[in-house]
Amino acid sequence: MEKIAIVGGGAAGYFLASNLHPKIGELTTLFEQSSTPLSKVRISGGGRCNVTHACFDPRELVEYYPRGKKELLSVFHQFQPGDTMEWFESRNVPLKIEEDNRIFPQSNSSLSIIDCLLKETEKSKVEVKLNEGVLNIEKNEDVFKISTSKGEYEFHKLVVTSGSSPKFWKIMKRLDLQIIEPVPSLFTFNCKDLRIQNLMGVAFDLVSIEIQDSNLQSEGPLLITHWGFSGPAVLKLSAWGAIDLHHLGYQFVMKVNFVQQDFEEVLDFLNQLKQNQPKKNCYANNPFSFPKRFWQSILHYIGVNEQKNFADLNKGDLAQIAKELTAAEYEIKGKSPFKDEFVTAGGVDLKEINFKTMESKKIPNLYFAGEVLNIDAITGGFNFQACWSEAYIIAQQLHQV
């Protein structure tokens, strides 16, 4: 009987184990180096676990993946978010779709997902070895020799679900697999500009941002934090621009249009405001939908006195305000991880994998799923969906033995 090893006790590893028939499961061992498996599942979505996203057309779904778009199309045709929902709900974990289409357990607790995966893995009779990290892997003819912190083993099939692990990418390199050098994805921008000091928590419903001297741009909600800028617009740009921003050393100029209008439109509006409401105080009357604190910060930055009315604003004042609203430039110096949900761009080169089976093209009986691959997505449950889908496909392959 052929023995199977799963290396990595994260979302992909446990979903694979959960989908194995007991006849296959009892031949399978899952290795996890920590004492607490499924750590990313535990913290995802602020502890609620963003299981997946309500995008049920594979052609639309792949558009959320900066890396892996082409390869994942066939994967999602085999197992997509609707299948994920059915899988968990059929195992007594009811899910809900929120207004932004993110999907969470109705319990609002990641423990619902974790408990389900642990129970299903137990039903599958997979042996789980916690606190046993894999140190090395060798391929000798038809056998994988695995060295761990506690011993040596031999397996006929190997599934790598090790996540974003530099140590494991080195092991894969020794097996002659190509590794795309990993860089961070999904991060926020550090900025110490005076214009946003003391504005922590100020949010904008829709802005446009772009990186100066590049083709990188994005739009969506924006949030000012105590370290700089966050929110979907920034996170989306950080994912799509992960490699370019890495090359820039995370030092660049970000241009922001806070009002989704061009300079001339805003200048005309301000001139009309000056004409129609001349006696109204500038600081007390914010004519835009964003928070008043930001409006007052702009006025202070360009030197408008707090006693001035709209009639007192000169051409230069109006032009500066229009520029700050439509093309403000902020110097970004560094990045910060988005909460605890660290995601990388990079990993096993996608050219190495047959995505119909998730098997290595170069080494038979070697499979990959999850963040060990050069696949990543924007925030919203998409990274987990790739894990579920890839692991499900591998489970089907192992059942064909």
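Q: What makes residues of helix α12 count as buried, and which ones are they?
A: In this predicted model, helix α12 covers residues 292–302, a helix being a DSSP run of H or I of at least four residues and a strand a run of E of at least two, numbered from the N terminus. Phe294, Trp295, Ser297, Ile298, Leu299 and Ile302 are buried, which means that their relative accessible area is under 20%, whereas exposed is over 50% and partly exposed lies in between (1.4 Å probe, protein chains only).

Q: What do the buried residues of α12 pack against, and what follows the helix?
A: With contact taken as heavy atoms within 4.5 Å, they pack against strands β13 (203–211), β14 (217–224) and β17 (328–333) and against helices α11 (263–276) and α13 (315–326). Gly303 follows α12, with a positive phi near 90°.

Q: Why is the set of 83 residues called a nonpolar core?
A: A nonpolar core is a set of buried Ala, Val, Leu, Ile, Met, Phe, Trp, Tyr and Cys residues joined through side-chain atoms within 4.5 Å, and the largest such set here has 83 residues, among which Phe88, Ile137, Met172 and Phe368 touch the most other members. Helix α14 (residues 382–399) gives the most to this core, with 10 residues. A second, separate core has 50 residues, including Phe187, Phe258, Ile298 and Ile332.

Q: How do you know that Cys387 is not in a disulfide?
A: A disulfide is a pair of cysteine sulfur atoms within 2.5 Å, and the closest cysteine sulfur to that of Cys387, in Cys49, is 11 Å away, therefore too far for a bond. By this rule the count is zero disulfides. Cys49 and Cys387 are both called buried because their relative accessible areas are 0% and 8%.

Q: What makes a space a cavity, and how many are there of 30 Å³ or more?
A: On a 1 Å grid over the protein atoms alone, a cavity is a set of points where a 1.4 Å probe fits but cannot get out, with points joined across faces, edges and corners and volume taken as the space filled by probe spheres set on them; by this rule there are two of 30 Å³ or more. The largest holds about 50 Å³.

Q: Which residues line the largest cavity?
A: Gly370, Glu371, Ile375, Asp376, Asn383, Ala386, Cys387 and Glu390 line it, each having an atom within 4 Å of a point. They divide into three nonpolar, two polar and three charged, Gly counting as polar, Asp and Glu as charged, and Ala, Ile and Cys as nonpolar.

Q: What limits apply to these values?
A: Local features need pLDDT of at least 70 and side-chain atom pairs pLDDT 80 or more, while totals for chains, interfaces and linings use all residues. Residues are numbered from 1 along each chain as its sequence is written, and side-chain values use heavy atoms, leaving out hydrogens and water.

Terms used:
1 Å grid on protein atoms, 1.4 Å probe; cavity = no way out; pocket = protein on both sides within 12 Å on 5 of 7 lines; lining within 4 Å.
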